[in-house]
Amino acid sequence: MEFADSGPRVLGPHESNPRLNDDGDQTDEGRPPVLSWEPPCSWDNEVLDFDDVPVAKVGADAGDLDQAGCQAAARAAVGNGTHVDRYKTRALAAGDRFCEDFAAGGRVVLLRVVKASGSPVGELTLSATLWAGAAKTEGAPPQPGDKVYENQPVTVSDDVAKAHGCVLGSVGLGSDMPVATYRSRLNGGGGDIEYSPSCLSGSPKMRFRGYVARVAGTADPDLTACQDAAARGESNELEVPVSELRAGDRFCRFDSLDKDVALLKVTAVTAKRPASVAFSVTRWKAPEPS
């Protein structure tokens, strides 16, 4: 199903995803978002596939959703690791809602499950609301010294780690906002920040990759001060128990490979189970060495 400005359209049996080429690679990110369903008669997965776009499953307590509310829910899910890009149809129920922030095309999509029939589910009825806005413009890539984003929130927590089967939390800083994900130890590499939850280690802790230093004081360092502090810090070795973190703590991180500098500020901490840590992140492209 393609969500175009003229309304939802079910793709024909001989049509492929309009945003992918024959090799499955993205060809036009600005094209309308796509939802695909793998029914039990054709695949064993029985999933709704949101085309690798992070989507928030929104609870009934969120009330009615307008464009801003749906977009905020989708972005919040990216920041706290509750986002999904695929969802098992057997877990669906009438009234379930999903919000998708399709920034590349300037669209926000709200999907609501009207009916899910059969076990396994053999018939799905969905309602869709699409809001069209300004498409994301690429423009010139950030230049050395430019600020990429500022004060973007990200949270890691025992609750979400446990909901994913008691796995590591991982935060990547290299996109247009921090992205929290959860994975098993054997599934892929770590992110820029790794969170070991209480259910894995007994005492939850954060591990910072790259050159990282804790910054003293209450004032935010600028780009130069942050990069200098991080360059004098530890490399891939800074591990901090959550019990030692306090709101207001600041860390500077320098990635010498991707040439990024990040300032991470702790905004909230819960050290007792279920533990959680909330950060605010500002990221720059590192200036060229003088």
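Author: A salt bridge is a side-chain nitrogen of Lys or Arg within 4 Å of a carboxyl oxygen of Asp or Glu. The model discussed here is a predicted one.

Reader: What makes the contact between the side chains of R253 and D192 a salt bridge?

Author: The N to O distance between the side chains of R253 and D192 is 3.0 Å, and the cut-off is 4 Å, so the pair of an Arg and an Asp satisfies the rule. The two residues belong to distant parts of the chain, 61 residues apart, with R253 in strand β18 (residues 250-255) and D192 in the loop between β12 and β13. R253 and D192 are both buried, that is, under 20% relative accessible area.

Reader: How many salt bridges does the structure hold, and how do you know that E194 and R183 form one?

Author: There are 14 salt bridges in the structure. For E194 and R183 the side chains meet at 2.7 Å, N to O, which is within the 4 Å that the term requires, and therefore the pair is counted. This pair, too, links distant parts of the chain, eleven residues apart: E194 is in strand β13 (residues 193-196), while R183 is in strand β12 (residues 179-183). E194 and R183 are both buried.

Reader: Why is the meeting of the E239 and R207 side chains called a salt bridge, and where in the chain does each of the two lie?

Author: Their N to O distance is 3.6 Å, and because the limit is 4 Å, the pair of E239 and R207 qualifies. E239 comes from strand β17 (residues 238-241) and R207 from strand β14 (residues 205-208), distant parts of the chain that are 32 residues apart.

Reader: Are E239 and R207 buried or exposed, or do they fall in between?

Author: The relative accessible area of E239 is 41%; buried would need under 20% and exposed over 50%, so E239 is partly exposed. R207, with 24% relative accessibility, also lies between those two limits and is therefore partly exposed. Elsewhere, salt bridges that share partners join R183, E194 and R209 into one network.

Reader: What makes C70 and C99 a disulfide, and why is its handedness assigned as it is?

Author: In general, a disulfide is a covalent bond between the sulfur atoms of two cysteines. The sulfur atoms of C70 and C99 are 2.0 Å apart, and the rule accepts pairs within 2.5 Å, so this pair is counted as a disulfide. The torsion about its S-S bond is about -110 degrees, and for this reason the link is left-handed. C70 lies in helix α1 (residues 67-80) and C99 in strand β7 (residues 97-102), so that the bond ties together parts 29 residues apart in sequence. Both C70 and C99 are buried.

Reader: How do you know that C166 and C199 form a disulfide, and which hand does the link have?

Author: The sulfur atoms of C166 and C199 are 2.1 Å apart, within the 2.5 Å cut-off, and therefore the two form a disulfide. With 115 degrees about the S-S bond, the link of C166 and C199 is right-handed. C166 lies in the loop between α2 (158-163) and β11 (168-172), whereas C199 lies in helix α3 (residues 198-201), so the pair ties together parts that are 33 residues apart in sequence. C166 has 22% relative accessibility and C199 has 40%; because neither value is under 20% or over 50%, both cysteines count as partly exposed.

Reader: Why are C226 and C252 placed in the accessibility class they have, and what joins them?

Author: C226 has a relative accessible area of 0%, and C252 likewise shows 0% relative accessibility; both values are under 20%, so both residues are buried. C226 and C252 form a disulfide, with their sulfur atoms 2.1 Å apart. The torsion about this S-S bond is about -110 degrees, so the disulfide is left-handed. C226 is in helix α4 (residues 223-231) and C252 in strand β18, distant parts of the chain 26 residues apart. The count comes to three disulfides, and, with bonded cysteines counted along the chain, they follow the pattern 1-2, 3-4, 5-6.

Reader: What makes β3 and β6 edge strands?

Author: Three strands form an open, antiparallel sheet in the order β3-β4-β6. β3 (36-37) and β6 (86-88) each have a single partner strand, so one side of each is left without a neighbour in the sheet. Strand β4 (residues 47-49) pairs with β6 in the antiparallel sense over three bridges; because at least two bridges are needed, the two strands count as paired. Within this part of the sheet, V47 stands opposite K88 in β6.

Terms used:
Residues are numbered from 1 along each chain as its sequence is written. This is a predicted model: local features need pLDDT of at least 70, side-chain atom pairs count only at pLDDT 80 or more; totals for chains, interfaces and linings use all residues. Side-chain values use heavy atoms; hydrogens and water are left out. Helices (H or I, at least four residues) and strands (E, at least two) are DSSP runs, numbered from the N terminus. Buried means under 20% relative accessible area, exposed over 50%, partly exposed in between (1.4 Å probe, protein chains only).
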